[in-house]
Amino acid sequence: MMEEKRVGIIGGGISGLLACKYTLEKGLIPLVFEASNAIGGVWTQTIESTRLQSPKRTFEFTDFPWPKSVRGRYPHNKEVLKYVEDYAKHFGLMRYIQLNTKVIGIDYVGVCGDEMDSWEFWSGNGNAFGSKGKWQILVQHEDFTTQEYEVEFLILCIGRYSGLANMPEFPLGEGPDIFAGKVIHSMDFSAMDNESARELIKGKRVAVIGSQKSAIDIAAECANVNGHEFPCTLVQRTIPWALPSGCFWWGVTLGNLYGSRFSELLVHKPGQNIIYSVVASLLAPLRWGFSKFVESYITWTLPLKKYNMVPKQSFLQDMSSCKSFLLPDNFYGKVEEGSIVLKKIQHFSFIKQGLILDGEVDKPIKADLVIFATGYKGQEKLKNMFSSKKFQNHIVGSPNSVIPLYRHIIHPRIPNLAIIGYSGSITNLHTSEMRCQWLAHFLDGTFKLPSIKEMENDIQEWEEYMKTYAGKEYKRTCIAALHIWYNDQLCKDIGCKNKRKKTFYEEWFQPYLQSDYVRLSPNN
């Protein structure tokens with residue numbers, strides 16, 4: 001009788017739930033550890049006005065549709081969280097999840113470092129359970145007692161947008177220590193209940209530092225609470241391309257421009273043959289035209305020039321680095337009425353009364369509260385999971401490289417371990433489910449991994465693509481502008497068809513959705 005295999009899963013967000021569900025289907029025993037008191041990941045800690053960033057039809061489990069009671073195109077965060085919770089209940093996942101259980105260390109045992117260094121294939125032979133080694137997981141429970149678990153395989157689903165806040169550093173005498181007001185990170189603001197968050201900002205002069213979605217949402221939230229009487233100052237260094245909607249002129253959507261197989265012909269792809277390379281070069285003017293079309297629509301629709309908010313980079317670069325997003329409702333209406341004040345800067349520092357922007361000491365920004373929406377240290381959080389210095393060095397790679405993951409899932413030199421949900425896409429639910437289907441087939445022995453050298457070469461090709469199209473933001477490891485090509489590779493590994501549409505037109509010119517990838521299996 002075959003020994004039952006235990007799979008440790010760290011994180012109870014969407015990726016962790018998917019990993020739990022798909023490993024269960026393969027007869028494995030999942031052990032899910034969630035540090036907080038609830039499942040749902042980032043959806044358990046959102047500000048009041050946050051909505052889904054992509055249409056709900058692109059953010060849907062393949063085997064669990066949205067309920068008919070959710071009618072909006074972009075559901076509210078409470079509706080998203082309930083949808084995720086209902087998914088876990090429907091598939092009976094809660095019994096495998098330990099809440100309030102923080103993982104404080106993971107260690108690989110049973111194989112010495114010299115033996116691992118001699119391997120030509122991952123885990124010795126390219127199989128999921130090819131090595132005799134196991135992972136030891138040390139956890140801390142709510143009562144501060146600790147316990148150790150041992151598993152044959154480990155999946156990290158800790159995400160990169162939580163846990164470890166990224167706070168800027170300042171020269172002596174220019175940082176928050178001299179500020180008379182309060183300074184917090186957006187992570188702390190999002191963790192508050194709605195009433196506490198409103199009370200914190202009510203009647204206060206708030207400055208928000210940052211340019212990504214969380215900064216924009218918090219500024220809009222402050223404007224909703226305080227109006228023009230206490231305007232919120234939004235301080236940005238790099239201006240992203242933020243969309244007023246996902247639909248442009250003549251009914252053209254973002255999915256038409258960047259979600260079809262044809263749109264990916266315009267991009268030089270990792271592992272492409274000479275034909276694809278020539279086609280991408282010949283279609284370079286069209287690639288530029290697609291980007292300019294979106295940029296023209298945004299600058300025509302929104303008063304970006306009036307407020308000096310026209311981004312310097314192309315829309316394609318933001319799309320390739322997962323930096324574009326949907327604006328909150330009536331955002332520029334709040335700017336026009338004076339509830340939000342936009343500031344584009346290169347440098348800022350603190351004084352007792354607030355902020356100095358670009359050294360203009362005679363024009364201080366008076367503030368009572370400064371909220372840093374400056375992102376997270378996702379790479380450092382991932383590194384800190386490992387007890388082994390060797391694995392810590394492996395996971396971060398070189399200073400100028402991305403996190404080196406084959407298929408954005410497997411590190412070639414860390415055995416019996418997978419990472420789900422670290423790299424970004426247009427809709428992370430879809431990408432995480434694709435990866436979990438791939439991983440489940442790998443765990444079930446459907447395919448083997450190539451040699452370590454082949455995997456590292458593939459990683460290098462993807463890194464070169466990211467450096468070409470995402471520019472200085474390449475470390476965000478985003479596949480948004482190339483997600484069909486990426487899914488093709490996962491399908492080919494599994495042994496199923498990668499071209500899954502019914503007609504030529506649908507195959508090349510319609511967006512691919514989750515419904516195109518239901519229950520992937522060899523030859524289907």
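This is a short conversation about cysteines, a surface patch and a pocket in a predicted model.

Tutor: Residues are numbered from 1 along each chain as its sequence is written. As the model is predicted, local features need pLDDT of at least 70 and side-chain atom pairs pLDDT 80 or more, while totals for chains, interfaces and linings use all residues; side-chain values use heavy atoms, without hydrogens and water.

Student: Why is the link between Cys322 and Cys478 called a disulfide?

Tutor: A disulfide is a pair of cysteine sulfur atoms within 2.5 Å. The S to S distance of Cys322 and Cys478 is 2.0 Å, so the pair meets that cut-off. A search of the whole structure finds one disulfide.

Student: What makes the disulfide of Cys322 and Cys478 right-handed?

Tutor: The torsion about its S-S bond is about 75 degrees, so the disulfide is right-handed.

Student: Which parts does the pair tie together?

Tutor: Cys322 sits in the loop between α11 (315-320) and β12 (325-326), and Cys478 in the loop between α16 (452-469) and α17 (483-494), so parts 156 residues apart in sequence are tied together. Here helices (H or I, at least four residues) and strands (E, at least two) are DSSP runs, numbered from the N terminus.

Student: How do you know whether Cys322 and Cys478 are buried or exposed?

Tutor: Buried means under 20% relative accessible area, exposed over 50%, and partly exposed in between (1.4 Å probe, protein chains only). Cys478 has 2%, so Cys478 is buried. Cys322 has 22%, so Cys322 is partly exposed.

Student: Why is Cys496 in no disulfide?

Tutor: The nearest cysteine sulfur, that of Cys491, is 3.8 Å away, so the pair misses the cut-off. Cys496 has 7% relative accessibility, so Cys496 counts as buried.

Student: What makes Ile275 exposed?

Tutor: Ile275 has 59% relative accessibility, so Ile275 counts as exposed. Ile275 lies in helix α9 (residues 274-282). Ile274, Ile275, Val278 and Leu282 form a nonpolar surface patch (residues with over 30% relative accessible area and no salt bridge, nonpolar side chains joined within 5 Å). Together these four have about 440 Å² of accessible area.

Student: What lines the second largest pocket?

Tutor: The lining holds 22 residues, of which Arg51, Leu326, Leu327, Pro328 and Asp329 lie nearest the centre. The largest share, four residues, comes from α6. About 400 Å³ of space lies in this pocket. On a 1 Å grid over the protein atoms alone, a pocket is an open set of points where a 1.4 Å probe fits, with protein on both sides within 12 Å along at least five of seven lines; lining residues have an atom within 4 Å of a point.

Key. Patch = residues over 30% accessible without salt bridge, like charges linked within 9 Å, V, L, I, M, F, W, Y side chains within 5 Å. Areas by Shrake-Rupley, 256 points an atom, 1.4 Å probe, with all protein chains shown as cover. Points joined across faces, edges and corners; volume = space filled by probe spheres on them.
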